[in-house]
Amino acid sequence: LLAANPDITDPNRIRVGQSLIIPPPNAPDTGPDSAGIGDASDDVMDLDGQLIASQSYADITGVGAALAANRRLQIELEMVNGPPVRLDPAVEVVTYTVVIDVDGDGQPDFRVIYSNDVEGLSGFQPSLENRLTGEVQSGDAFPGSVAVRNATITFTIRRAALGAPRAYALAATAERVYYPGGRG
């Protein structure tokens, strides 16, 4: 019942009149531990919603997530190309953002950000923002790790940092801001 009804956070508190999904007798007793979705390339949009050409590291082609055995959430962003190793934020800012809904209300509870424009830090840095409390954990305080391999960025986040929920919904974006003459 819990796998079929992820909105139940406490099995001892099912209320009278609450709708439940009753799975068939042979249904697994746990929900899926991974999921993913693909996205066609060449769908980069400008602020007016018009298709534009852009650097290929700003075009996400797929998003995947898996619950790792070591109590971590692993999120993979697949792109046409991975982010450049060095990128001057005075000329070009690239930000990869994953929003995570942990309570099923359709609103993001956490934001995972990987950007070359994190205040006080240089190079691409990860951050986790708790949207409910406003707390931000960046750089060495990030509760996990980020790995870039070829065209894939992999975030591994301790589930406890997200409140250890039983279900996740997420969405991802890549944003590129280019300052041809520098920010000045």
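An open sheet of five strands, paired in the antiparallel sense, follows the order E7-E6-E5-E4-E10. Its edges are strand E7 (136-138) and strand E10 (169-178), each of which pairs on one side only. Direction ignored, neighbouring strands of this sheet are turned by 15 degrees against each other on average. The model is predicted. This briefing treats the sheet, the environment of Asp 101 in strand E4, and the pairing of strand E3 with strands E2 and E9.

**Strand E4 within the five-stranded sheet**

- Strand E4 spans residues 92-101, and in the strand order it stands between E5 and E10.
- Six bridges join E4 to strand E5 (residues 110-115), and the two strands pair in the antiparallel sense.
- Within this pairing, Val 98 has Val 112 of E5 as its bridge partner.

**Environment of Asp 101**

- Asp 101 belongs to strand E4, whose residue range is 92-101.
- This residue is buried, yet Asp 101 has no salt bridge.
- The nearest side chain of opposite charge is that of Arg 131, 10 Å away; the absence of a salt bridge follows because the definition requires a side-chain nitrogen of Lys or Arg within 4 Å of a carboxyl oxygen.
- The side chain of Asp 101 instead reaches backbone nitrogens: that of Gly 106 at 2.8 Å and that of Asp 103 at 3.2 Å.
- With neighbours within four places in sequence left aside, the contacts of Asp 101 include Gly 106, Gln 107, Pro 108 and Asp 109.
- Ala 167, Tyr 168 and Ala 169 are also in contact with Asp 101.

**Strand E3: faces**

- Strand E3 covers residues 72-79 and has one covered and one uncovered face.
- The covered face consists of Leu 73, Ile 75, Leu 77 and Met 79.
- On the uncovered face are Arg 72, Gln 74, Glu 76 and Glu 78.

**Strand E3: pairing with E2 and E9**

- Strand E2 (residues 60-68) runs antiparallel to E3, and eight bridges join the two.
- Three residues lie between the strands in the hairpin of E2 and E3, where Arg 71 takes a positive phi near 60 degrees.
- E3 also pairs with strand E9 (residues 152-158), in the antiparallel sense and over seven bridges.
- Arg 72, a residue of the uncovered face, is the bridge partner of Ala 68.
- Arg 72 also stands opposite Arg 158 in E9.

Notes. Residues numbered from 1 in each chain as written. Predicted model: local features only at pLDDT ≥ 70, side-chain atom pairs only at ≥ 80, totals over all residues. Heavy atoms only, no water. Helix = DSSP H or I, 4+ residues; strand = E, 2+ residues; numbered from the N terminus. Buried < 20%, exposed > 50% of the residue type's maximum accessible area, 1.4 Å probe, protein only. Lys, Arg positive; Asp, Glu negative; His and termini not counted. Polar contact = N/O pair within 3.5 Å; in protein donor to acceptor, adjacent residues only side chain to side chain. Contact = heavy atoms within 4.5 Å. Pairing = 2+ DSSP bridges. Axes fitted to C-alpha atoms, helices over the stretch in contact; angles between N-to-C directions.
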